[in-house]
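Colleague: I would like to walk through this model with you, one question at a time. Where shall we begin?

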Amino acid sequence: MPMSEERRGTLGIRVSAAVVAVMIVGGMTAVAALTTGKTTVLVGTLDSPQVMAVLVLAGAVDAAVVAFSLRGQSIAGRVGVVLTRVILSGAVVVAGAGVLLATLSTTVVSTLVDDDGCDTGYVVREETHWLSSSSTLYRMDGLVGTRAATLSNPDAAMPFHDGGYAVTTQNGTLRVSSASAENGPVAVPKLKPRAADCGLKRPTYQAAPPAPTPTPAAPITLDRAEAELTEMYARTRASVAGAHGAAGETPTAPTRTECDSSTARSSVTFTLATPDNAASVAKILATWDAAGYERDRAIQLDIRFDPESTVSLRLADRTTIDGFIHATIATACLAR
């Protein structure tokens with residue numbers, strides 16, 4: 001009986017999946033055999049653990065493809081096929097997450113070029129970690145890299161990728177240092193004479209600009225604070241134009257009071273009455289908010305303050321008691 005087109009297609013999928021599975025197993029075996037304490041397989045920027053994670057993901061996908069080509073003839077067989085598909089789909093998701101985690105850090109591989117512009121035969125694999133990075137020198141034999149030295153870098157720097165390093169030759173040894181390594185220089189064997197590529201150029205190194213030294217703010221003086229107080233008092237009065245004081249008058253200038261022999265504070269205390277005291281309070285507070293003052297609140301008391309100038313406003317609406325808004329604008333005790 002001739003094979004149907006559907007069965008022929010299913011058979012082709014399974015044969016292809018079997019070939020892929022053999023290749024994956026062979027690749028995993030080779031990677032495991034070539035990886036030791038000092039050697040790793042380097043494929044692009046991926047090292048042995050990362051390559052192994054990718055192969056595991058490929059194997060899970062391959063198995064899932066086979067599972068989705070299965071067909072159950074009985075009810076139990078169909079249930080088994082569905083469960084198999086669910087399990088292998090979950091395995092693909094887990095393996096994909098593993099690959100994502102394994103390759104999440106930024107990794108670059110650069111050719112190590114000496115100061116004369118010649119290829120040294122080494123490559124440098126740089127990988128970022130939490131707030132740091134590492135630069136590992138490998139001697140390459142095909143896809144197998146043998147670790148020769150490792151330099152640690154603060155602040156996740158990648159000096160070899162950026163060209164910020166030096167390579168000099170001394171007595172048959174290469175001395176390698178970088179602009180941002182915490183250790184070094186390191187010495188690695190100079191490889192045997194070979195037809196090395198010369199005339200190579202490194203990236204132009206751009207050193208990070210030094211962090212600017214902050215200029216300390218001048219200490220606040222009573223005169224400066226009093227000038228701010230006077231300005232805010234004028235803005236407060238302007239926000240409720242036409243308001244009058246308890247006796248028909250309001251102060252026009254702040255008063256200084258001694259705190260001790262070397263410091264004093266300045267303040268102005270006033271009362272205001274307006275046709276709508278509640279609306280006036282809102283206008284006054286909005287004026288202080290617009291000037292950048294911070295907010296606070298006490299019992300029946302609105303507060304606005306500025307830690308830098310030390311000027312503060314304490315405002316109470318006592319309309320129900322005496323019909324007035326009571327306010328004090330003051331500075332802290334400051335040197336005169």
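Modeller: Let us start with a disulfide, and keep in mind that this is a predicted model. The torsion about the S-S bond of Cys-118 and Cys-198 is about 105°, so this disulfide is right-handed.

Colleague: Which parts of the chain does the pair of Cys-118 and Cys-198 tie together, and how many residues apart are they in sequence?

Modeller: Cys-118 sits in the loop between strand 2 and strand 3. Cys-198 sits in the loop between strand 8 (186-189) and helix 5 (222-239). The pair therefore ties together parts whose separation in sequence is 80 residues.

Colleague: How far apart are the sulfur atoms of Cys-118 and Cys-198?

Modeller: A disulfide is a covalent bond between the sulfur atoms of two cysteines. The cut-off used here is a sulfur pair within 2.5 Å. Cys-118 and Cys-198 form a disulfide, and the distance between their sulfur atoms is 2.0 Å.

Colleague: How many disulfides does the structure hold?

Modeller: Cys-118 and Cys-198 form a disulfide. For the structure, the number of disulfides is two.

Colleague: Now the sheets. What is the strand order in the open sheet of five strands?

Modeller: The pairing in this sheet is antiparallel. Its edge strands are strand 1 (39-41) and strand 2 (107-113), and each pairs on one side only. The twist from one strand to the next averages 40°. The order of the five strands is 1-5-4-3-2.

Colleague: How many bridges join strand 3 to strand 4?

Modeller: Strand 3 covers residues 119-129 and strand 4 covers residues 132-141. They form a hairpin with two residues between them, and Leu-131 in the turn has a positive phi of about 60°. Glu-127 has Ser-134 in strand 4 as its bridge partner. The two strands run antiparallel, and the bridges joining them number eight.

Colleague: Which residue in the turn between strand 4 and strand 5 has a positive phi?

Modeller: Strand 4 and strand 5 (residues 144-154) run antiparallel, joined by 10 bridges. Thr-136 has Thr-150 in strand 5 as its bridge partner, and Leu-137 stands opposite Ala-149. The two strands form a hairpin with two residues between them. The turn residue with a positive phi, about 70°, is Gly-142.

Colleague: What is the bridge partner of Leu-174 in strand 8?

Modeller: Three strands form an open sheet in the order 6-7-8, with antiparallel pairing. Its edge strands are strand 6 (165-170) and strand 8. Strand 7 (residues 173-178) and strand 8 pair over four bridges. In strand 8, the partner of Leu-174 is Val-188.

Colleague: On to the helices. Do helix 2 and helix 3 run roughly parallel or roughly antiparallel?

Modeller: Helix 2 (residues 48-69) and helix 3 (residues 75-102) pack with their axes 9 Å apart, at an angle of about 160°. Angles over 145 degrees count as roughly antiparallel. That makes helix 2, relative to helix 3, roughly antiparallel.

Colleague: How many residues of the contact of helix 2 with helix 3 are nonpolar?

Modeller: The crossing of these two helices is left-handed. Among the helix 2 residues in the contact are Val-54, Leu-57 and Phe-68, while the helix 3 side includes Arg-85, Leu-88 and Val-92. The residues of this contact include four polar and one charged, and the number of nonpolar ones is 17.

Notes:
Residues numbered from 1 in each chain as written. Predicted model: local features only at pLDDT ≥ 70, side-chain atom pairs only at ≥ 80, totals over all residues. Heavy atoms only, no water. Pairing = 2+ DSSP bridges. Axes fitted to C-alpha atoms, helices over the stretch in contact; angles between N-to-C directions. Parallel < 35°, antiparallel > 145°, perpendicular 65-115°, else oblique. Left-handed = near helix turned anticlockwise from the far one by under 90°. Contact = heavy atoms within 4.5 Å. Nonpolar A, V, L, I, M, F, W, Y, C, P; charged D, E, K, R; others polar.
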